[in-house]
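Me: I should like a close look at the main nonpolar core of this protein and at the parts that pack into it. Please place that core within the chain, and add whatever bears on how far the coordinates can be relied upon.

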Amino acid sequence: MARETLLLLALACLCINLAAADWNILSPKWRFDAKQDTWKNYCESWRINVELNNIRDFEVVPQECVDHIKKYMTSSQYTADSERAIEEVTLYLTRCCTLKGDGKDAWIFDVDDTLISTIPYFKKHGFGGEKVNSSSLEAWMEESKAPALDHTLKLFHEIKDRGIKIFLVSSRKETLRSPTVDNLINVGYHGWSSLILRGLDDEYMHVEQFKTQARKKLVDQGYRIWGIVGDQWSSIKGLPEAKRTFKLPNSIYYLS
């Protein structure tokens, strides 16, 4: 009887270890479809490497991974990952900044998929599986219907209430200024110091170059940039640097 009990316990431990070895944060249940598991693992690996900036300059999400990316970007895990990033910003704010009260303490936010979400648009346009149609996306932006990302909305006001000036630096075109301002105000954002968009001279410039130039202008004006929050590496890379940068998850598209 004791031998049988020990054998059953050993088998149970083996099953638990096998399940744990193949646990996936998006689908923790043990599944026996080897082909499906292979694609799931590949797509999760692809997504992670996008976030790590190992995979760059992609124009479309691999067709085999579109559904996986859609599930992630509309899941509670995406929300949890974003909220964890914001928690790190909040923790940083408690110890980072010796504000001088001279009006030169600054923070930079990106706009799309940082303050407001383009997911409603991509739900109807392939969720990264189609090459982005700029005209179609801009027409949607003109409707000013993008919802706020609640985790960043709270952070935005927390930073503003500390007396830090907020600068919004977006790769949107200058022609979208009015609908962008309307959209931001409609969902609860207000009180930023400046909204910097791409003028005619900037439209053919790489996003990273445009955003580094925007930061340089701020630094040349004497601003101390305590932090940047953005969903694209091009929003946070390059010189001059902020004292800290925080990347939010987004594996639908890549802006260089």
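Reply: The account below begins with the chain as a whole, moves to the core, and ends with the cysteine pairs and the backbone details.

The model is predicted, and the mean pLDDT of the protein chain is 88, with 86% of its residues at 70 or more. Confidence varies along the chain: helix 1 (residues 2-21) has the lowest mean pLDDT among the elements, at 41, and helix 8 has the highest, at 98. Over residues 1-34 pLDDT stays under 50, and the model has 20 contacts beyond four places in sequence for that segment. The chain contains 9 helices and 5 strands, arranged along the sequence as α-α-α-α-β-α-α-α-β-α-β-α-β-β. Of its 256 residues, 45% are buried. Among contacts between residues at least 6 apart in sequence, 71% join residues at least 24 apart. The accessible surface is about 13800 Å², and carbon and sulfur atoms account for 55% of this area.

The largest nonpolar core has 51 residues, and Trp 107, Phe 109 and Leu 168 are those with the most contacts inside it. Helix 4 (residues 76-93) is the greatest contributor to this core, giving 6 residues. There is also a second, separate core of 14 residues, with Ala 106, Met 205, Ile 236 and Ala 242 among its members. In soluble globular proteins, nonpolar side chains tend to be buried together.

Leu 168 serves as a point of entry to its surroundings. Beyond four places in sequence, Leu 168 is in contact with Phe 109, Val 111, Leu 115, Phe 156, Leu 184, Trp 192, Ser 194, Leu 195 and Ile 196. One of these partners, Phe 156, is found in helix 7 (residues 150-161). Phe 156 counts as buried because its relative accessibility is 0%. With residues up to four places away in sequence again left out, Phe 156 touches Phe 109, Leu 115, Ile 166, Leu 168, Tyr 189, His 190 and Trp 192. Phe 109, Leu 115 and Trp 192 thus appear among the partners of both Leu 168 and Phe 156. The C-alpha atoms of Phe 156 and Gly 191 are 9.6 Å apart, although 35 residues separate the two along the chain.

Another partner of Leu 168 is Leu 184, which leads to helix 8. In helix 8 (residues 177-186), the buried residues are Pro 179, Thr 180, Asn 183 and Leu 184. These residues lie on the same side of helix 8, because they cover an arc of only 135 degrees around the axis. An α-helix has 3.6 residues a turn, so residues three or four places apart point the same way. The buried residues of helix 8 pack against helix 6 (134-141), strand 2 (165-173) and strand 3 (194-198). Just after helix 8, the backbone at Gly 188 takes a positive phi of about 115 degrees.

The structure also holds 2 disulfides. One joins Cys 43 to Cys 65, with an S to S distance of 2.2 Å; the link is left-handed, with -80 degrees about the S-S bond. Cys 43 belongs to helix 2 (residues 34-51) and Cys 65 to the loop between helix 2 and helix 3 (66-73), so the pair ties together parts 22 residues apart in sequence. Both cysteines of this pair, Cys 43 and Cys 65, are buried. The other disulfide is formed by Cys 96 and Cys 97, whose sulfur atoms are 1.9 Å apart; this link is left-handed too, with -60 degrees about the S-S bond. Cys 96 counts as buried at 17% relative accessibility, while Cys 97, with a relative accessible area of 21%, is partly exposed. The boundary for burial is 20% relative accessible area, so the two cysteines fall on opposite sides of it.

Some further backbone details deserve inspection. Asn 53, in the loop between helix 2 and helix 3, has a positive phi of about 70 degrees although it is not a glycine. Asn 53 is buried, with a relative accessible area of 5%. Phe 127, in the loop between helix 5 (119-123) and helix 6, likewise is not a glycine and has a positive phi, of about 50 degrees. Phe 127 is buried as well, with a relative accessible area of 2%. Finally, Leu 239 and Pro 240 are joined by a cis peptide bond with omega of about 0 degrees. Pro 240 is found in the loop between strand 4 (224-230) and strand 5 (245-247).

Conventions. Residues numbered from 1 in each chain as written. Predicted model: local features only at pLDDT ≥ 70, side-chain atom pairs only at ≥ 80, totals over all residues. Heavy atoms only, no water. Core = buried A, V, L, I, M, F, W, Y, C linked by side-chain atoms within 4.5 Å. Buried < 20%, exposed > 50% of the residue type's maximum accessible area, 1.4 Å probe, protein only. Helix = DSSP H or I, 4+ residues; strand = E, 2+ residues; numbered from the N terminus. Contact = heavy atoms within 4.5 Å. Arc of directions from axis to C-beta. Disulfide = S-S within 2.5 Å. pLDDT = per-residue confidence, 0-100. Areas by Shrake-Rupley, 256 points an atom, 1.4 Å probe, with all protein chains shown as cover.
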